Amino acid sequence: RALWRALGRAPHDIPWERLRGYERRFPGCVRPWNRGVNGAGEALRERLAAVIGCPNLLARVVPYMPRIDDASPLPRIAVGLSGGVDSAVTAWLLKSAGFDVTGVLMRNWDEAEETGGECSFEKDQRDARAAARAVGIPLTEVDFVKEYWHSVFEPFLRDFDGGGATPNPDLACNRQIKFGALLDHCSRSLGADLLATGHYARIVRIDETNPPRLLRGIDPDKDQSYFLASVRGESLERACFPLGGLTKREVRELAAGPANLPAAVTRRRSSAGICFIGRKRDFGDFIQEYLPAEGEMRDDSSRGDRRGEDSLRGASGSFVSVESGEAVGRHGGLARYTCGQRARLGGASVPWYVVGKDSRGGSNSVYVAPGADHPALFTTSAAITRCFWVSGARPRGMDTDRGAKLSAQTRYGARAVSCTARTMDTRSKTSMLVPSVFCTPPNLDEVLGRENEDVAAGAGAVIEVIFDAPERAITPGQALVLYDGDECVGGGVVLYPGCTELELSRTGKTGEDSVSTTT
C-alpha cells in the first residue's frame with residue numbers, strides 16, 4: 001500500500017532508489033518511464049548521472065527520457081533544433097544518455113521575401129549549427145514554407161471571420177507542422193523512431209494499450225501544454241519532452257554548466273509572439289498586408305491564396321461604448337484589436353479596453369469599456385467548437401446533463417479556472433448558451449452543419465463551458481484548453497463568450513440564468 005501511494009505522487013517526488021527491483025505493474029499507477037531493472041535502463045541512468053551530477057535533477061530528467069529495455073535496440077531520435085537553449089539542452093541530454101541523435105532545423109516562413117534583408121531564420125540557422133557542433137550531432141534542414149502557408153497561415157487568415165475573431169496559429173503549427181509534417185519527415189527520411197523537442201510539458205504512458213497522457217510541465221511559468229493540446233494522441237506516441245520535469249532556470253544552468261553550450265545559445269532570449277511575427281513587428285501592420293482591401297478581393301495566386309470579401313483590410317469603424325452605446329472614437333480595422341487589449345482612445349481621461357467586436361453588415365464596431373476591470377470584460381461562460389481531444393474522445397461525463405468538472409485555461413500564461421463543461425444538444429439549431437451582445441453572433445447553422453464524421457469524432461460538437469468565477473476577456477477564435485488536474489485533456493476554439501457581468505447586472509440575472517433551457 002505504501003508503494004501504491006508513492007507511485008501516485010508526482011514522478012520527481014517518488015523515491016525510485018527504494019523501489020528498484022519491483023517490476024510488477026500496479027493498478028492505477030502513472031508510469032512516465034519503464035523503470036523495470038534492466039541493463040540498458042541502468043546504463044542510461046549512470047551516463048546521465050555522470051554528466052548531470054545533481055541527484056535531484058537526475059530524478060526529474062530520467063522519467064521523461066525515451067523508454068528502453070534490453071530486448072530492443074536504442075531508438076533513433078530526431079531533435080527539433082531552433083537555435084534556442086531549450087532544444088539545445090534537449091539534444092545534449094539525449095546524446096549524453098547514449099542515443100543516436102540527429103538535429104533537424106525547420107524553415108516555416110520566408111521573411112526575407114518580404115523584407116529583402118536578413119531574416120530571423122538566418123540567426124536561428126547560425127545558432128542551431130553552433131549548438132549541433134557543441135553537442136556533437138549532425139544537423140539537417142528542412143523547408144516547410146509551403147506546408148505552413150497552406151496548413152497554418154491560410155486557415156489563420158480565414159479564421160479572422162471578417163475581423164470578428166482573433167485566431168491563434170501556434171496550436172495549428174504544433175499539430176500540422178511540428179508533430180505532423182516534421183514528425184513524418186523524420187520517420188520517413190531520417191529513420192527516426194521519436195521526435196524530441198524542448199517543450200515544457202510531460203508525456204506519461206500507463207501501459208502499451210492506453211494512449212499517452214499529456215501533463216503540464218512542472219515549471220508553472222513555462223508550461224507549454226496549452227500549445228500542445230491539439231496534437232493528436234498518435235503523434236504524442238512518437239514524441240519526447242525531456243525538459244518536462246525541469247524549470248527554465250535549471251535548463252539554463254545545465255546549458256552554461258555541464259553542457260558547455262555556446263554563449264550565443266545560452267544567452268539567447270526565449271522566443272515570444274506568433275512565430276511569423278516575433279517580438280519586433282506590429283501585429284496590426286503585419287496582418288493588414290495579407291487581408292484584402294475594403295470592398296475588394298485580394299488575389300495572392302502567386303502563393304496559392306485567394307480569400308473572400310468578408311476579410312477586409314483597413315475596414316475602419318467606430319469604437320462604441322458599452323455603457324452608452326454611442327461612438328467614442330474611430331479605429332483602423334477590426335483585425336488590429338482583440339478582447340482585453342487597451343483601445344488607446346485619443347483624449348480619454350481613463351484607459352479604455354476592448355470588450356468585443358461586431359463585424360455584422362459592415363458595421364465593424366469595436367466595443368470598449370473604461371477601466372481594465374470593467375464588468376463588461378468578465379463573463380462566466382463560453383461556447384467552444386472545432387474541438388480536439390488528446391485521447392481521441394471527449395472526457396467522461398461531458399455528454400451528461402451535469403457535465404464534466406474540469407479546469408479551463410483561456411489563453412497561454414493565464415491561470416486555470418475551475419469549470420463545468422458539457423456538450424450542447426446539436427440536434428437543435430438554437431444554442432443553449434446565450435451569447436454576449438458585444439460580439440459577432442455565431443452562425444449556428446454553419447457550425448452545427450459540419451460534416452457528420454467531424455461531429456462523430458468530437459470536432460464538430462459545441463461545448464458550453466461554465467466557469468466557477470468570472471473570467472476576463474474571453475476571445476472568439478482563441479483556444480480554450482481543458483485540464484483534469486495537471487492532465488491536458490483537449491479543448492476547442494472559442495465560438496463566442498456568454499453574457500458579460502454588465503449584461504447580467506442590467507437584467508438582474510445570474511450567470512446560471514444566461515444558460516437557456518429552451519431549444
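Two strands count as paired here if DSSP finds at least two bridges between them. I took helices (H or I, at least four residues) and strands (E, at least two) as DSSP runs, numbered from the N terminus.

**Setting up**

I am working on a predicted model, where local features need pLDDT of at least 70, side-chain atom pairs count only at pLDDT 80 or more, and totals for chains, interfaces and linings use all residues. Residues are numbered from 1 along each chain as its sequence is written, and side-chain values use heavy atoms, with hydrogens and water left out.

**Entry 1: the parallel sheet**

I began with β4 (residues 194-196) and β7, which run parallel and are joined by two bridges. Across that pairing I found Ala196 opposite Cys240 of β7. Both strands belong to an open sheet of five strands, ordered β3-β2-β1-β4-β7, with parallel pairing. At the edges I noted β3 (139-143) and β7 (239-240), each of which pairs on one side only.

Next I looked at what lies across this sheet. Helix α7 (residues 120-135) lies across β2 (100-107) and β3, and runs at about 175° to β2. For angles I kept one convention: axes are lines fitted to C-alpha atoms, for helices over the stretch in contact, and angles run from 0 to 180 degrees between N-to-C directions.

One residue of α7 caught my eye, Asp127. Is Asp127 buried or exposed? I found Asp127 buried, with a relative accessible area of 6%. My cut-offs are under 20% relative accessible area for buried, over 50% for exposed and partly exposed in between, using a 1.4 Å probe and protein chains only. Leaving aside residues up to four places away in sequence, Asp127 touches Gly83, Ala264, Val265 and Arg268; contact means heavy atoms within 4.5 Å.

**Entry 2: the mixed sheet**

I then moved on to an open sheet of four strands, β11-β10-β13-β12 in order, where the pairing is mixed. β11 (327-331) and β12 (352-358) have a single partner strand each, so one side of each is left without a neighbour in the sheet. On average, neighbouring strands of this sheet are turned by 30° against each other, direction ignored.

I checked β12 against β13 (residues 365-370) and counted six bridges in the antiparallel sense. Gly356 has Tyr367 of β13 as its bridge partner. A reminder to myself: in a regular strand the side chains alternate between the two faces of the sheet.

In the loop between β11 and β12 I stopped at Arg344. Arg344 is not a glycine, yet has a positive phi of about 55°. Its relative accessible area is 66%, so I logged Arg344 as exposed.

**Entry 3: strands around β17**

β17 (residues 463-472) is joined to β14 (residues 378-389) by six bridges, and the two run antiparallel. Here I found Phe378 opposite Arg472. β17 also runs antiparallel to β16 (residues 417-423), with five bridges, and Cys419 stands opposite Phe467.

Just past β17, in the loop that leads to β18 (479-484), I looked at Ala473. Ala473 is another non-glycine with a positive phi of about 55°. Ala473 is buried, with a relative accessible area of 6%.

**Entry 4: two helix pairs**

At what angle do α8 and α9 pack? I read about 135° for α8 (residues 145-158) and α9 (residues 170-189), with their axes 9 Å apart. That makes α8 oblique to α9, given that angles under 35 degrees count as roughly parallel, over 145 as roughly antiparallel, 65 to 115 as roughly perpendicular and the rest as oblique. Glu147, Tyr148, Ser151 and Val152 of α8 meet Ala172, Cys173, Gln176 and Ile177 of α9. I sorted the residues of this contact into five nonpolar, two polar and one charged. In that sorting Ala, Val, Leu, Ile, Met, Phe, Trp, Tyr, Cys and Pro count as nonpolar, Asp, Glu, Lys and Arg as charged, and the others, Gly among them, as polar.

For the second pair, α5 (residues 85-96) and α12 (residues 248-256), I noted an angle of about 65° and axes 10 Å apart. Val85, Asp86, Val89 and Trp92 in α5 meet Lys248, Val251, Arg252, Leu254 and Ala255 in α12. This contact divides into six nonpolar, no polar and three charged residues.

**Entry 5: the whole chain**

I closed with totals: the protein chain has 17 helices and 19 strands. Of its 519 residues, 54% count as buried. Among contacts between residues at least 6 apart in sequence, 68% join residues at least 24 apart.
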